[in-house]
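Welcome! Have a look at the model below, and then we can talk through how some of its labels are earned.

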Amino acid sequence: RFWNKNRRSVGSGCFGVDLNRNFQFGFAASSDVNSRRIFKFHMNLMNFYSQPCSPNYTGPSYFSEAETQAVRDVIANYNSRLSMYLSIQAYGQQITFPYNAITIPSDRQSQFISVATAASQAMQNSPAGRFYQIGAGGSLNGVEAGTSLDYANSVHTNLLPFTVRLPSGGSNGWDVPESQIGGILNEAFNGFLVFARYVATN
């Protein structure tokens with residue numbers, strides 16, 4: 001539960017690429033002019049991401065990993081049939097939407113807020129009654145490079161992309177006790193129902 005990357009050997013005696021930093025949009029280690037422009041005020045972040053032993057190592061290039069290539073290909077192959085993209089993560093008790101790589105609001109922010117608010121309310125109405133904060137990822141959590149959320153948003157203009165960060169637990173946040181997992185799944189399911197009904201009716 002405490003490992004944040006895949007397990008590929010990346011040299012220097014280190015292992016793993018953070019798959020949620022390995023997508024194309026705003027890729028931090030990219031020599032691409034647009035990516036560099038996005039991160040022109042975040043050079044320290046870029047240097048940190050580019051270190052193979054970093055817990056958020058981006059990899060040598062975007063889509064360098066088999067896992068991110070698979071997600072890219074699914075989005076490309078089923079583009080016309082996709083309506084929503086959900087990334088489920090731990091932890092943070094949040095529902096976030098684009099952008100992660102920049103703090104400029106999306107031109108679809110009002111729609112994102114409406115859907116995320118409805119899902120958050122449904123989750124809060126679950127027995128545990130936990131509140132899920134909503135907002136653009138870059139504004140809530142600071143700039144994050146190369147995320148699947150931003151990539152999905154960038155290649156599919158009608159797709160609704162959200163990240164659901166589930167609650168923390170245990171001594172380190174990541175190690176949720178078994179006794180709490182059922183409640184977390186219950187409230188997450190209630191949120192997913194809201195997402196599914198929105199897609200079905202819009």
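Helices (H or I, at least four residues) and strands (E, at least two) are DSSP runs, numbered from the N terminus. This is a predicted model, in which local features need pLDDT of at least 70 and side-chain atom pairs count only at pLDDT 80 or more, while totals for chains, interfaces and linings use all residues. Residues are numbered from 1 along each chain as its sequence is written, and side-chain values use heavy atoms, with hydrogens and water left out.

Q: Why is Phe 63 called buried?
A: Buried means under 20% relative accessible area, exposed over 50%, and partly exposed in between (1.4 Å probe, protein chains only). Phe 63 has 8% relative accessibility, so it counts as buried. You will find Phe 63 in the loop between α2 (43-49) and α3 (66-77).

Q: Why is Ser 12 called exposed?
A: Its relative accessible area is 66%, so Ser 12 falls on the exposed side of the cut-off. Ser 12 sits in the loop between β1 (9-11) and β2 (14-15).

Q: What is the phi of Ser 12, and what residue type is it not?
A: Ser 12 is not a glycine, yet its phi is positive, at about 60°. Phe 63 is likewise not a glycine and has a positive phi of about 60°.

Q: Why is strand β6 described as largely enclosed by the rest of the structure?
A: Seven of the seven residues of β6 (residues 160-166) are buried, so the description fits. On one side these are Leu 160, Phe 162, Val 164 and Leu 166, and on the other Pro 161, Thr 163 and Arg 165.

Q: How do you know that β3 and β6 pair?
A: Two strands pair if DSSP finds at least two bridges between them. Strand β3 (residues 84-90) and β6 have seven bridges, in the parallel sense, so they meet that definition. One of the contacts to look for is Tyr 85, whose bridge partner in β6 is Pro 161.

Q: What makes β4 and β6 a pair, and in which sense do they run?
A: Strand β4 (residues 94-97) and β6 share three bridges, so they pair too, in the antiparallel sense. Here Thr 96 stands opposite Thr 163 of β6.

Q: Where is Tyr 91, and what is the peptide bond from Ala 90 to Tyr 91 like?
A: Tyr 91 is in the loop between β3 and β4, and the bond from Ala 90 is cis, with omega near -10°.
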